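Please walk me through this protein as you would for someone meeting it for the first time. Where should a newcomer begin looking?

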Amino acid sequence: APGSGPEPPSLPASGGAARRRKRAAPAGAVQPAKLSRAELYKPPTNEELNRLKETEDLFHSSLLRLQIEELLKEVTLKETKKKKIDAFLHEINSLLSAIPETPETELTDQAWLPKDVKVPFLQVPFSVKGRFHFMPPTELKVVGSYLLGTCIKPEINVDMAVTMPREIFQDKDNLNQRYHRKRALYLAHIAQHLSKQKLFGSVKFAYMNSNHLKPILLLRPQGKDEKMVTVRLHACPAPGLFKPSRFYPSKNNVRTAWFMEQSTPKEGATEPPTPHYNNSILCDTVLLSHLQFLSSAATDFPGMKDGVALLKVWLNQRQLSKGLGCFSGFLVSMLVAYLLMKRKIVKMMSGYQVLRSTLQFLATTDLSVTGISLVKDVDPSLPVLDDFHQAFEVVFVDPSGLVNLCADMTASKYHQVQFEAKCSMEILDDRMVDGFQALLMTAKPILRAFDHVFHLKHVSKLQGACKKMQLLNELMDRGGNYVAAALPFIVSLLARGLSGRALLVAHSLPQIPEWPIDAEPPKHKDVGPLTFGLLFYPDFAASMLEKGPQADHPEALDFRTFWGEKSELRRFQDGSIREAVVWEANTAYQKRLIPEQIVRHLLKLHADVPESSICYVGALLESVISTGKEASGTGEEAMVSVVRSYDDLSRKLWHLKELPLMVTSVQGVHPALRYTDVFPPIPMKPIYSFHTQIRTKHLLLPAEEKPCPAYITPLKMICHMEGSGQWPQDKDAIKRIKAAFHLQLAELLQQHHQLVCRPAVTHTDVYKDGYVFRLQVAYHREPLILKEVVTPEGMLKYQDTEESQQLELEIQHLPYLTSSLHGLQQQHPVFGSTCRLAKRWVSAQLLSDNMSEECVDLLVAFLFLHPAPFTPPSSPQVGFLRFLDLLATFDWKNNPLIVNLNAGLTGEEVEISLEIKNKFVASRSRLPVMFIATPKDQWSSMWTQEQPSAQILQRLIVLASESLRALEEQLMDPLKTQDVKLVFRPPLDFYDVLIHLNPKQIPRHLESVDRPLKSFSRGVVKNSTAEKILFPVVDYDPVQCYLQELRDAFSDLALFFYDKHGGEVIAVLWKPLSFQPQPFKVSSMKGRMVTTLNDKLVCVPNVEAILEDFEVLGEGLVKSVEARTEKWTI
């Protein structure tokens, strides 16, 4: 937070000096301290030397060190807060010891509890033996992170262990949830008493880490301090109550007959082990010993406190630290203590080193294969690690040798932690990335971290899954929690089905919110929908084939049972006959959704989860860029066919022998030729009846009475001619020579390849395969010749002119950018589609004229080249969400965006990027508001030179953060309808005038976000490639012509906004400055009228006349002009 830094120490100064200094310093500026010469040159102290050495060895820069110190200041508790919390704890202590006893009753007779308190426990089955009465606790102890000082904001939790007296327990309380129910009743009675006290703002129940066997009581202070702290009361048994050996992972403590409510147990049936149940009781017995263990680790080890705080922030940002089976702060503290015990960490280390060492350990150790244990001295009677591995997916044994700290964690969740740790280590070692920002300041919500996301809408369906997968033992062990029982099996099922495609299959952690004490405890289904994330290997995610084992191998049967009737015998090219599964998919879009087919198929087959319960939101957004009526594809195939046609044409140009000079290179510059055109061109042929023909010139003109013909975009390409002494050195002469080349190219292409061409002075249009290519001849020295200026003294000098810069852009920079991005598409197959979604969104916000296409392409390229802390996107949707996030959160004001295209900043990349940053800061005010640097364009940010302006960028940022919020809300809530097009419909109430257009004259009408139900026949036939045709009308969009006229006439009075992809509205904003009355001048009367103001003649805009002009200028195109006069007055 700004201003949270340390205060500068104030120096005593003599009166006069102090007064003088006060006058000079502006408010709030830190003044340099005046030091005597001796002090200035004093050798550094030992401590300073150590700090410098440490910074040099550990951190990339002293900046990282300062950032981490600031962060720790932000999240740690202040002393004043601690005093308040301590006082609160003392009061709770005295209240708890004064709670009255109750008479003894049967466990099932709960009538002694008043009606306004419900037992915080799902008592299923209800009948259970045993008796209960309340007695005040024998001991109260604060345990957990508060005492260790590793508590971090924003949620300050203080854990208190309340020891239940021995007398309320009986012999067999370890069986059939008796202990758990007594614990719940004990807390219910405490809750009932404390809720009457004025001291508390709220008294509520919650499940500890959402494990419903372990309710806890939450107490918050009264009044404005309510948010300050949450005290969590954990009831635990008197020490020595249970014999530990009863709770080994292989022992049973829940009887099948009781759980199934049968009267007598089956003959000779063995009882299954109940490790999770046993673990939940053992946890309560070791609370205090864990505290002692951690505090001995933390003594004389200041780095541990900082390191654990950083690790907690790291886990919070990755949504790993809350819910059933989470990687909690307590677990991380124990892990640090383990590394200390194993000497992987020493007490000299700083917080940052603790963070690094722990991440390194997590990245390289798989606890689901080789567990770890905190036991110091081996005791032969204790269970060994293998016993734990048989009972649990992830193993980390506590110092007592009895408790598995990771009991509820699924292997999948641990693999996710491991994956995150690996990524984080790479980020810390990569000097190009701001590690602090990526690791500790960037949230990684599941929607932006994973390529595809799907929800299991109704978790109650997992009851059926438990039946189908025969998980009765797991259900008993988990106390009937079918979500916890089925989840590990569901995840490993999916992981096996997607093994070649997905690098990671992760799931959200089931979480149950707290509830008031007078409400019934939440049921298992109250965890709400479960969310799963898939992270793909980009090369294999979309493959259509699952190749199985050979038919005669024993594994073939297993493969068949796993895939069900989808599996069939196939013969492969190498002659082998194998089991295989082939998925149906024709277009790139459908191939990307093969994982969805797999998920639905496997969950239906093995877990009885119906299709309707799965809400797959991996590719919902792509409908916005799909073309044609049937939503089968999103245009990737159309794009490939354009590029194929272009490649063929460039080959033909290279082989033209009859030209006086050779064609040295052909380079595409149109976005379609780098796969980023929002709607790729479709092959078309004109229908003559929709045009009037000019016979003499073989030309077509659009007919007035018919709808405007479909838009045909010219695909521009640059033909570089070889240099030669014959080229003239005069700019006008060069233009003439180029015109001659255009004529000759057209002639030769017509002769040799029968292509219909239309030459013009500046280019030649070629009609090929139903596309129109626009060839522009270039001569590499021309920009240089355009820069020549002769000074009055007759000297020749070179200086940039607008004309020369424009030409350089067209024939050098744009082709280079296009080929670089074309290359990026080859590495990342979804790059193009992500760009198209991003541009479609910018255009839908009516801002496409205020931000160049190249600029959007570069922003998206940044996401693929510098994805930290994520992995490069493997689905267009996740790429688009990150694009919105980049727009909304990047600090445009203080940082340049450096896009390392083609890894062009080689070798000294760190130095170069630092140099760019420093130059940027030095000359910030002269640079464009959005500054994008690339290897070939480090200082000028040529694609954002003119636009966006500061106001437009501000508007983009607001729109992006709003769109992101709305989209994430929609995509994460599977129970509502998902109309993702919402963020593609711009708010129009922001504008002053709306010009409504006649859809008949909008050539790209079908590209609008909400497809029009009916549209007009546009006078072209698709996909027909005739040889002899009249040349179609190219690049004709009446709306763009109209916009150009409006801007020419009224740009000083208003701004015009339009969605070029089929928008039906032009939105107008008045410029506030032009509405201030100006002195009457004959020269500046355009669009203004004269009135008198305070006896002076002034002119103001003549709005009525201007609105009339809008209609007159657009006659036939404009349907109506709607003036929103409530925002301004005429």
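Let's take a short tour, beginning with the record and then visiting one helix and one sheet.

Keep in mind that this is a predicted model. The unreviewed UniProt entry places the feature "domain: Nrap protein" at several stretches, including residues 304-442 and 448-607. Over residues 304-442 the chain is 53% helix and 3% strand, with its end C-alpha atoms 23 Å apart. Over residues 448-607 the figures are 37% helix and 23% strand, and there the end C-alpha atoms lie 28 Å apart.

Now find helix H20, which covers residues 482-497. With 16 residues at 1.5 Å a residue, H20 should span 22 Å, and its end C-alpha atoms are indeed 22 Å apart, so the two values agree. Just before it, Asn481 caps the N-terminal end: a side-chain oxygen of Asn481 lies 3.1 Å from the backbone nitrogen of Val483. Because 12 of the 16 residues of H20 are buried, the helix is largely enclosed by the rest of the structure. Among the buried ones are Tyr482, Leu487, Pro488, Ile490 and Gly497.

Next, travel to the sheet. Strands of a sheet pair through backbone hydrogen bonds, either parallel or antiparallel. Here, 4 strands form an open sheet in the order S32-S33-S30-S37, with antiparallel pairing. Its edge strands, S32 (1054-1058) and S37 (1118-1123), each pair on one side only. On average, neighbouring strands are turned by 20° against each other, direction ignored. S30 (residues 993-997) joins S37 over 5 bridges, and Leu994 has Glu1122 in S37 as its bridge partner. Finally, helix H33 (residues 1038-1050) lies across S30, S32, S33 and S37, running at about 165° to S32.

Definitions and conventions. Residues numbered from 1 in each chain as written. Predicted model: local features only at pLDDT ≥ 70, side-chain atom pairs only at ≥ 80, totals over all residues. Heavy atoms only, no water. UniProt positions renumbered as here; feature names shortened; annotations may be inferred. Helix = DSSP H or I, 4+ residues; strand = E, 2+ residues; numbered from the N terminus. Pairing = 2+ DSSP bridges. Axes fitted to C-alpha atoms, helices over the stretch in contact; angles between N-to-C directions. Contact = heavy atoms within 4.5 Å. Expected span 1.5 Å × (residues − 1). Buried < 20%, exposed > 50% of the residue type's maximum accessible area, 1.4 Å probe, protein only. Polar contact = N/O pair within 3.5 Å; in protein donor to acceptor, adjacent residues only side chain to side chain.
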